Amino acid sequence: VMRMKAGDKDGDKSRKDTIRIVVIDNDDIVCSAICSDLEKDDRFEAIGVNPDKEAALERVKREQPHVILLDLMWNNQLRGGWNLLPEISKDCPHTAVIIVSARAELADVSEAWRKGIAGYVPKRQWQEELTEAILAVSKGGSFFSPSVGKRVWKPSKETESLNPREREAYYLSVRDLSSQAI
């Protein structure tokens, strides 16, 4: 377990003012890199956990984070991350989950959307998008990386009847923009 605590330069930033984040990833290097990056921002407190299911759930229960960054694949088992979701939802119903995965297949992104996941960021883009995603979901919004959001919102039989502006609004809703902004 890696604990990275960010604070302001004066050291007077209270835990109450920070967004608590638990990073669950089976790759130590990725987990450390994400925590280190988040540590640079005084709005965040990041705790890294390698995904032993019981240890991860115990840590999540104890920390009651605002946000969980969850990898889908653990030790080459695709369902690893998905298998934690029911227990996370039960134990921490107000915690937002962002999938941070090397997988960005349409089926995974669509399943995340259907399961009420607050966000989805491909690992190859976490450095550019993770801060924005965390800030959005910590305020009750959602954030699906544009690269994966387009996969979910590709025109389909359900959206064929929408005019171009309606389709654009449908896609922009992934970015959690207000109806006025859309």
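Which residue of β5 is the bridge partner of Leu69? The partner is Ile98, and this pair is a good place to start a tour of the model.

This is a predicted model, in which local features need pLDDT of at least 70, side-chain atom pairs count only at pLDDT 80 or more, and totals for chains, interfaces and linings use all residues. Residues are numbered from 1 along each chain as its sequence is written, and side-chain values use heavy atoms, with hydrogens and water left out.

**Strand β4 and its partners**

Strands here are DSSP runs of E with at least two residues, and helices are runs of H or I with at least four, numbered from the N terminus. Two strands pair if DSSP finds at least two bridges between them. Strand β4 covers residues 67-70. β4 runs parallel to β5, joined by 4 bridges, and also pairs in the parallel sense with β2 (residues 19-24) over 4 bridges. In the pairing with β2, Leu70 of β4 is the bridge partner of Ile24. Val67 and Leu69 point one way from β4, Ile68 and Leu70 point the other way, and all are buried (under 20% relative accessible area; exposed is over 50%, partly exposed in between, with a 1.4 Å probe and protein chains only).

**Two buried residues, Thr95 and Ser101**

Thr95 sits in the loop between α3 (79-91) and β5 (96-101), while Ser101 belongs to strand β5. Each makes a polar contact, meaning N or O atoms within 3.5 Å; within protein, one must be able to donate a hydrogen and the other to accept it, and residues adjacent in sequence count only if both atoms are side-chain atoms.

| Residue | Relative accessible area | Side chain reaches | Distance |
|---|---|---|---|
| Thr95 | 12% | backbone oxygen of Pro65 | 2.7 Å |
| Ser101 | 1% | backbone nitrogen of Arg103 | 3.0 Å |

Contact means heavy atoms within 4.5 Å. Not counting residues up to four places away in sequence, Thr95 touches Pro65, His66, Val67 and Ile68. With neighbours within four places left aside, Ser101 is in contact with Asp71, Leu72, Tyr120, Val121, Pro122 and Lys123.

**The lining of the largest pocket**

What does the lining of the largest pocket hold, by class? There are 9 nonpolar, 3 polar and 1 charged residues (Ala, Val, Leu, Ile, Met, Phe, Trp, Tyr, Cys and Pro count as nonpolar, Asp, Glu, Lys and Arg as charged, and the others, Gly among them, as polar). α3 gives the most to this lining, with 4 residues, and both α3 and β5 supply at least two. Lining residues have an atom within 4 Å of a pocket point; a pocket is an open set of points on a 1 Å grid over the protein atoms alone, where a 1.4 Å probe fits, with protein on both sides within 12 Å along at least five of seven lines.
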